[in-house]
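Please have the sequence and the model at hand, since the paragraphs below move step by step from one pair of strands to the elements around it.

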Amino acid sequence: MSARLPLPPDLPTPAFTVGHAQRAGVPGHRLRAADLNAEVAGIRSFRHDLTLPDRCALFQLRLAPESFFSHSTAALLHGMPVPYERATDARVHISFPSPHRAPHARGIAGHSLQVEAHDLMTSVDGLRLTTPLRTWFDLAHSLGLLDLVAAGDALIHWRRPLVSALDLAEALNRPLNRRVQRKLRHAGALLNDRSESAPESILRALLELAGLPVSGVNHVVTDRFGEFVARTDLLIDRYRIILEYQGDYHRTKKGQWRADMTRRAKLEAQGWRVMELNADDLRNPTELVQRIRALAQLPRLHD
């Protein structure tokens, strides 16, 4: 019954430090009770359904004021996509400004970073983290080019840009590690502010790297009278090809499959060749590019 022992009413909510509770006279067995979330060492929370911002807030309670969230964690907090294995990694990326040493604790991926004041910000949730631009730069050390493009597209998306094109261009001229700077500049040249998803960004970058010119991203196709036909993912006007990335909701959402069939038929009636793609197609980029080139009746590229 000790787990039911009422906690002091003056404990902070929705979370508190173990030290605070002990000073308030809460015994150790009560702090180990199942009704308290103990996934962050040294912290207890009344909530068990924690989002990433919730978890970050718990870590921030126990860390020094100069710490901040970075890398994949900062990217997710900003709404920038990262590869699946990073998005699902339970660890939280936390950094300290150098020369402080990287933090080490359960549930943390620690870093020591050289940062300036303009590299850091505080979110609306009160979390200290790297700015979107600095986050993208940090991701360049570990992400491949295509995943870096996907994150960068989110950085400049026209509906909610996290950084201006001018600031991005200026930042790319900063003195950086040469290898990282080359990757950032290469990715920067491939960015498009109209991409709506990471797979769409990756597909578009693959095509451009293969010399297949994408002339429309989320482009509205009309008939010869100017009437709306469909809004398409990627369009290669030169070869009358439309590429549509189909997420799983296209087969699970009621009515979506039928709507997709009708939409494709309308586009084909206008003389377009439509290729529908999914996540499996992106696993073999070389074969995918060759398949698209075959649809365009272009010479096969050597592997």
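In this predicted model, a good place to begin is the pairing of strand 9 with strand 10, which is antiparallel and runs over three bridges. Strand 9 spans residues 228-236 and strand 10 spans residues 241-245, and across this pairing Leu235 stands opposite Ile242 of strand 10.

These two strands belong to an open sheet of four strands, whose order is 8-9-10-11 and whose pairing is mixed. Strand 8, residues 216-222, and strand 11 are the edge strands, each of them pairing on one side only. On average, and with direction ignored, neighbouring strands of this sheet are turned by 50° against each other.

Two helices can now be placed against these strands. Helix 12, made of residues 256-269, lies across strand 8, strand 9, strand 10 and strand 11, and runs at about 80° to strand 9. Helix 13 packs on the sheet as well, where it touches strand 9, strand 10 and strand 11, and its direction makes about 165° with that of strand 11.

Which residues of helix 13 are buried? Within this helix, which covers residues 285-295, they are Leu288, Val289, Gln290, Ile292 and Arg293, so that the buried set, taken as under 20% relative accessible area, includes Gln290 and Arg293 alongside Leu288, Val289 and Ile292. What covers these buried residues includes strand 9, strand 10 and strand 11 (273-277), together with helix 10, residues 198-209. After helix 13 comes Gln297, a residue whose phi is positive, near 60°.

How values were computed. Residues numbered from 1 in each chain as written. Predicted model: local features only at pLDDT ≥ 70, side-chain atom pairs only at ≥ 80, totals over all residues. Heavy atoms only, no water. Buried < 20%, exposed > 50% of the residue type's maximum accessible area, 1.4 Å probe, protein only. Contact = heavy atoms within 4.5 Å. Pairing = 2+ DSSP bridges. Axes fitted to C-alpha atoms, helices over the stretch in contact; angles between N-to-C directions.
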